[in-house]
Amino acid sequence: MPQQKDIVKIAIQMPGAYPQLIQLDQKKPLSAVIKEVCDGWNLPGPDNYALQYADGVQTYITESNRLDIKNGCILRLTKAPGRCAEDLYKGIQSSDSGVRCDSLKELASVSTDVTFAQEFISRDGHLLLVKIVEDSNESNAIMTHTLTGFMELMDHGIVSWENLSCVFIKKIASFVNAKSTDVSMQQVSLDILESMVLSSHSLFLQVKQEVTMERLIAHLQVTNPQIQTKAMALLMALLQTAGDSDRQDMFAFLNKKNLRQYIYKNIIHSSGSVQDEMAHYLYVLQSVTLNHLEPRMRTPLDSYNQEQRDVLHGLRQAAFETESENSLSHERRRSLCAKEFKKLGFSNNSNPGQDLVRTPPGLLALDTMFYFASRYPDAYSRFVLENSSREDKHECPFARSSIQLTLILCEILRIGEPPSETRSDYHPIFFSQDRLMEELFCVCIQLLNKTWKEMRATQEDFDKVMQVVREQITRTLSSKPTSLELFKNKVNALNYGEILKLRQTERLHQEETLAPPVLELKERLKPELLELIRQQRLNRLCQGTMFRKISNRRRQDKLWYCRLSPNHKMLHYGDVEEDTDNPPIETLQEKIPVADIKGLLTGKDCPHMKENKSKQNKEVLDLAFSLTYDVEEDSLNFIAPSRTDFCLWTDGLSVLLGREMSSESTRSELEILLSMEIKLRLLDLENVPIPDCAPVIPKPPSNYNFCYDFSQTEQ
């Protein structure tokens, strides 16, 4: 007895007969099953019959796919694939045009099945179709069925496209080029040409020679959405398969005629599945066009290439009005160049080409910088000179920022990534701008300088600024701006303050969507983690910090040090020398009992900010804090070296005074710790062995040649 799982209950139909309900034994040969079905209807010659799905895609049932049959399936008894192929082969050669048309129409339908296709091709049926096309003596209806059947047969990959004759290719191309050809015939002809182009480079060359770009663009201007879609597919296939030279010619044609804008405007008005398919082709066009920048992105700067060196020096000369370099000695000229390259923001000012060795972005970063300098010279000079006049730690380095920004844009625009077969997320701005990468860079490098000032950033904040700029760009592009001007307005409106608000809103939304048990866990963890942050702040105060005194003469050469005693009862402070590093607490002669501290003031409320109104620039105000103590309301005044130190000290002093920590650092660190702790608590550790002791530390490597040395001496 066969097992129950090997039995499938199905229904079998045949025109003019009552259906048969059978229990299909999957262990029994398919030929035996067909014989039983034929016997049930008293049909002779079971070898001439086969089973086929009655619904959906009417695929033949074979020994290889019979296990896909499910309970309740409805099958149909029909002609065997071999017999069907033989009958259609003869019908196609009939002298009666009606019989030929019907046979070709049926062929176009059944050729979707690979079992039939193998039978028909084994009889050289595909060559028969090729001959019909080459002779071109049939009506449009018969020719359409012929081309459709041929396309379906070739889609199975049983025979190679490269075996087709030049005459056949010319005929298919003539159907596409003709202005009054039947629409259905043109549609399938475009399909066939696309498959040819994608199959080999030799066929690409033949198709490119026979079908011009002008004719393809004309097909994009018709009202029939199917013709538009097929023409777009062929255009994309040509662009993807072309070599660098051919592709550049195609790009030049598209840009010269402003056809990218036309294609986009024409396609966005399409609807339904056609719009979805066209959206994919817009994505492919964008991807293929931008990928022509990949060679530059993958190529490092060659210090021995005179042209590249000239571009580097052109950047320097465009930024600074220098005295005639020819009249200077070699050493003087070299020193001057190094000084100016440093102002430009190159980390290796004696050999700035080393900054462009990393790939990506390679030479593409040099291209974008030079484009900005030559296309917008006033904005370029303003950027460089403005940052040259700032303090060293607050200047925004143009070269370093440009290199990183170019890399960010490459990642956002996915330059260097091959087009995906399923993506459709194009940027409408691409279709309004010929040099999208370069123009985006020019907008975003000025945005970066603006964001740098808004964040009051120092060199230590470089990565943080770049993260904000990346977010500004991605958020703006996600709103689908249709022009560069619109992008520029939106991205500049999305300032640092707006980014912080959006982050906060999204964080609150995430919290609202958390399950109640997770929210409860989060509330339980907060006190423990806040205590951890408090201890870190107090430990940091015990380590102490070096502060500068700002005198009325704007001299910043006096230093003093302040630290908290280990028992958290005294603040020790005193003047120190420039080269002093972490002075012992015994050397700090002044002290204030913590119990005597009355209050903590910040910003413009600080006494030293009120006294020195000339010093009240926003940067200093944001770093100023004071402690008031004793009955006479004396004060100890601070100006923190950085925003991080300001947050650490104001938090730590708040802890000593029994107040809540309110700095942005506390909020950020608490959020990070909560996120990490919740993820750890929610890990599924069932059946996961947790060791009792730490793993053994591996031996150090024999050498450290794999490490990159970032310490380059600036000259």
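Domain bounds are taken from an automatic or database domain assignment. For this protein, that assignment yields domain 1 (7-79), domain 2 (83-295), domain 3 (298-507) and domain 4 (526-667). The centres of domain 1 and domain 4, taken over C-alpha atoms, are separated by 88 Å. The model is predicted, with local features needing pLDDT of at least 70 and side-chain atom pairs counting only at pLDDT 80 or more, while totals for chains, interfaces and linings use all residues. Residues are numbered from 1 along each chain as its sequence is written, and side-chain values use heavy atoms, with hydrogens and water left out.

We can turn next to the sheet. Strands (E, at least two residues) and helices (H or I, at least four) are DSSP runs numbered from the N terminus, and two strands pair if DSSP finds at least two bridges between them. An open sheet of 4 strands follows the order 5-6-7-8, with antiparallel pairing. Strand 5 (545-549) and strand 8 (590-593) form its edges, each pairing on one side only. On average, neighbouring strands of this sheet are turned by 25° against each other, direction ignored (axes are lines fitted to C-alpha atoms, for helices over the stretch in contact, and angles run from 0 to 180 degrees between N-to-C directions). Strand 7 (residues 570-576) is joined to strand 8 by 4 bridges, and tyrosine 573 has glutamate 590 in strand 8 as its bridge partner.

Charged pairs come next. With a salt bridge defined as a side-chain nitrogen of Lys or Arg within 4 Å of a carboxyl oxygen of Asp or Glu, a search of the whole structure finds 36 salt bridges. One of them joins aspartate 425 and arginine 414 (3.2 Å, N to O). These two residues are 11 residues apart, in the loop between helix 20 (398-412) and helix 21 (436-454). Buried means under 20% relative accessible area, exposed over 50%, and partly exposed in between (1.4 Å probe, protein chains only). Aspartate 425 is partly exposed at 30%, whereas arginine 414 counts as buried at 16%. Another salt bridge, between arginine 534 and glutamate 531, also has an N to O distance of 3.2 Å. Both residues lie in helix 25 (residues 516-543), 3 residues apart, about one turn of the helix. In addition, a network of salt bridges links Glu471, Arg475, Arg503 and Glu506.
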